[in-house]
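Take a look at the model below. This report walks through a few of its features, one topic at a time.

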2 protein chains.
Amino acid sequence: MPVPPSAPRPTLEAVAARAGVSRATVSRVVNGGAGVRGPLVARVRAAVEELGYVPNQAARTLVTRRNGAIAVVVAEPESRFFTDPFFAQQVRGISRELAAHDNQLVLLLTGGGADHERVGRYLTGGHVDGALIFSLHADDSLPVIARKAGVPTVIGGRPTWPDPDARRRTLYVDCDNRGGARDAVRRLLALGRQRIVHIAGPLDQPASVDRLDGFRDVLPGVGAPMIAEGDFTPEGGARAMERLLERSPDLDGVFAASDVMASGALRVLRSRGRRVPDDVAVVGFDDMVSVAEWTDPPLTTVRQDIEEMGRLMAQLLLHALESESDPDGLPALSSIITPTRLVVRDSA
Amino acid sequence: MPVPPSAPRPTLEAVAARAGVSRATVSRVVNGGAGVRGPLVARVRAAVEELGYVPNQAARTLVTRRNGAIAVVVAEPESRFFTDPFFAQQVRGISRELAAHDNQLVLLLTGGGADHERVGRYLTGGHVDGALIFSLHADDSLPVIARKAGVPTVIGGRPTWPDPDARRRTLYVDCDNRGGARDAVRRLLALGRQRIVHIAGPLDQPASVDRLDGFRDVLPGVGAPMIAEGDFTPEGGARAMERLLERSPDLDGVFAASDVMASGALRVLRSRGRRVPDDVAVVGFDDMVSVAEWTDPPLTTVRQDIEEMGRLMAQLLLHALESESDPDGLPALSSIITPTRLVVRDSA
DNA sequence: GCCTGCCGTGAGAGCGCTCTCTGGAGACAT
DNA sequence: ATGTCTCCAGAGAGCGCTCTCACGGCAGGC
């Protein structure tokens, strides 16, 4: 990079000299200017402007023990996490909220194993004030690592650890998967469907389990043959659909645990000559713009506001960080469950 | 967060005391241990282990002027950038490379305007050693901002600024859009197609222009009516396809500048009763797994290795950073154009 | 007009680390 | 045995900032 011998950035000292005041005064002005008289403030501001002074974050962090950065940790054992827009939307929400509070977003991707260890070291290293963790699977060690590192954490999605105490102390943000699933199934019922099947997500993921539970809430009688497990990919959805058609050739309603799987199911239904929604009504989950609106026919689905969930995660963590400095014990913060909403299009 | 009065993290000093050596020696050991005798190294290592010492990054940065962090700046005026997996894949490649060299990834999302200014301040603040910038449109100010901030930068995709000098000094990574487009069109030609049309991307983006140029390289004679501009969305692809069908009802080959647009085009062709590839052959661009393999029929397309491009961006920047410290002028680094490859499936 | 009290400013001590510089100890040649 | 050279460890000076503390000046009360 052709940078002219990188003009050494001005320091507090330089600004102080220029404004004819002490370092302390400049520091006060830079940090809000409370307790400094008007004319002086103006003089310092001018000096800052002229010199193009920007505070050195490292020096600041060294003394304040605050670095204005939040880690977003993503466990990505499969690449699925990255081929589906779910993650990206959530990150966008997080980024918005963080930026609004002048916090930086440090992205940590981990494939498990040695990577996890690296992440653990990083968190322990005190590089960040807090962490936002996405771990897909129930048994993931990431949240535990963060806890050990003593880093305040908010989890994306309901964690499923057995220890109730750990569970209580863990903040998370999730959508109302179970309620959303109930709405989906009720929609199929309202359309008069009699033989409704479910394409579930991988059942080691809490979201999948919750959606299945919602399905069962409304249809307590249905047996295992009416349920097939997919893997949140179109292929998985397609295969599940094939199995279900084999087992229940007369099915007339499908609730898929994700839009992406629903799109695979639609393909299979079409190739089998079943008309949607006339012969078989299909409801998805997520309301992923790029998927739900562009299937054929457009998908009726359960909408969750993914970006908002990201925003809320960041907000919750920021609050936790603030109240942490309270000397008097635990803050009254709790996890958040966001509502879902049925979006009716053509498939059901 | 219920953290026990956060046990103060051990410092170098503490480790030194425990190992019975000086701070300097501990520092040497922590940083590789060169020039320290074996037994001492072992003693220090043991002390580090026992105390669970982790270096304080802020303090280190303060003196080394290196912070081991790279900014990834994403201009995201539309949300498109985030609903399409392109970005995510690239980030994954970047993350891999950065992690392998113990650099952190700071994600900066900007919607333009005031956000850009915030990003500029951040870069100027010296929080990061370098920046990787994705700006979609030709006129985006981000690269200029980075240059002003004096931060070494690598751009994702060929930048299009008029000043040839600025262009020469700018490092970027892009795929061979033009060559890939030529391959796509040649494929259609090889299939004996006579009336080939092009669905272009937004022509304010270099990638779109390059792909169009490639199309014209092979088919210099085709007129404007055979080309329609889309916007890299399925809808845009569909609308472009409709226009083209109107203008050239006898078309028998389509080269779409992206898989996503191709998927929209396929929809329209199907609904018009044209068989693919029998009546109309279609070639896309990108080889986006979640799209190309799951269209109906699966898409013949031009593959670009997006993740690899991300990796190369990070690598290039890291190299630039290293050689920057060379006193003797500019390093012999240059931008990278990655090859593309035609992937033949069923649509052409 | 002097003392008390307060407000606004400056001085200075670190935060935890790196890195240069110095000095002591040992190896080797004289 | 003496001198020279090399190598390794320690002392100490900052990096740029914040924050406590002390002090000087000015208002108000007596």
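## How the copies meet

Through which surface do the copies, chain A and chain B, meet? They meet through the same surface, because 100% of the interface residues of chain B are also interface residues in chain A. Keep in mind that this is a predicted model.

A turn of 180° and a shift of 0.1 Å along the axis lay chain B on chain A, with an RMSD of 0.2 Å. That is the relation of a two-fold axis.

## Around DNA strand D

There are 27 residues around DNA strand D. The ones that come nearest are Leu12(A), Ser27(A), Tyr53(A), Thr25(B) and Arg65(B). By class, this surface has 13 nonpolar, eight polar and six charged residues. Now turn to the DNA side. Of the strand D atoms within 4 Å of the protein, 67% belong to sugar or phosphate. The rest belong to bases.

Some contacts reach the bases. A side-chain N or O atom of Arg28(B) is 2.9 Å from a base nitrogen of DNA strand D. For Ala59(A), a backbone N or O atom lies 3.5 Å from a base nitrogen of the strand. Arg65(B) has a polar side-chain atom 2.5 Å from a sugar or linking oxygen of DNA strand D. Helices α2 (23-30) and α4 (57-64) of chain A, and α2 (23-30) and α4 (57-64) of chain B, each give two or more residues to this surface. The largest share, five residues, comes from α4(A).

## Salt bridges

Side chains of opposite charge can pair when their charged atoms come close. Over all chains, the count comes to 45 salt bridges. One of them joins Arg23(A) and Glu13(A), with the closest N and O atoms 3.5 Å apart. Arg23(A) sits in helix α2 of chain A and Glu13(A) in helix α1 (residues 12-19), 10 residues apart. Arg23(A) counts as partly exposed, at 47% relative accessibility. Glu13(A) is partly exposed too, with a relative accessible area of 45%.

Asp286(A) and Arg211(A) also form a salt bridge, at 3.7 Å from N to O. This pair links strand β9 (residues 281-286), which holds Asp286(A), to helix α11 (residues 206-218), which holds Arg211(A). The two residues are 75 residues apart. Are they buried or exposed? Asp286(A) and Arg211(A) are both buried.

In chain B, Asp279(B) pairs with Arg275(B), the closest N and O atoms being 2.9 Å apart. Asp279(B) is partly exposed, at 28% relative accessibility. Back in chain A, a network of salt bridges links Arg178(A), Arg182(A), Asp213(A) and Asp217(A).

How values were computed
Residues are numbered from 1 along each chain as its sequence is written. Chains are lettered from A and ligands numbered from 1 in the order in which they are written. This is a predicted model: local features need pLDDT of at least 70, side-chain atom pairs count only at pLDDT 80 or more; totals for chains, interfaces and linings use all residues. Side-chain values use heavy atoms; hydrogens and water are left out. A residue is near a molecule or strand if one of its heavy atoms lies within 4 Å of it. A polar contact is a pair of N or O atoms within 3.5 Å; within protein, one must be able to donate a hydrogen and the other to accept it, and residues adjacent in sequence count only if both atoms are side-chain atoms. Helices (H or I, at least four residues) and strands (E, at least two) are DSSP runs, numbered from the N terminus. Ala, Val, Leu, Ile, Met, Phe, Trp, Tyr, Cys and Pro count as nonpolar, Asp, Glu, Lys and Arg as charged, and the others, Gly among them, as polar. Copies are superposed by least squares on the C-alpha atoms of residues with pLDDT of at least 70 in both. Contact means heavy atoms within 4.5 Å. A salt bridge is a side-chain nitrogen of Lys or Arg within 4 Å of a carboxyl oxygen of Asp or Glu. Buried means under 20% relative accessible area, exposed over 50%, partly exposed in between (1.4 Å probe, protein chains only).
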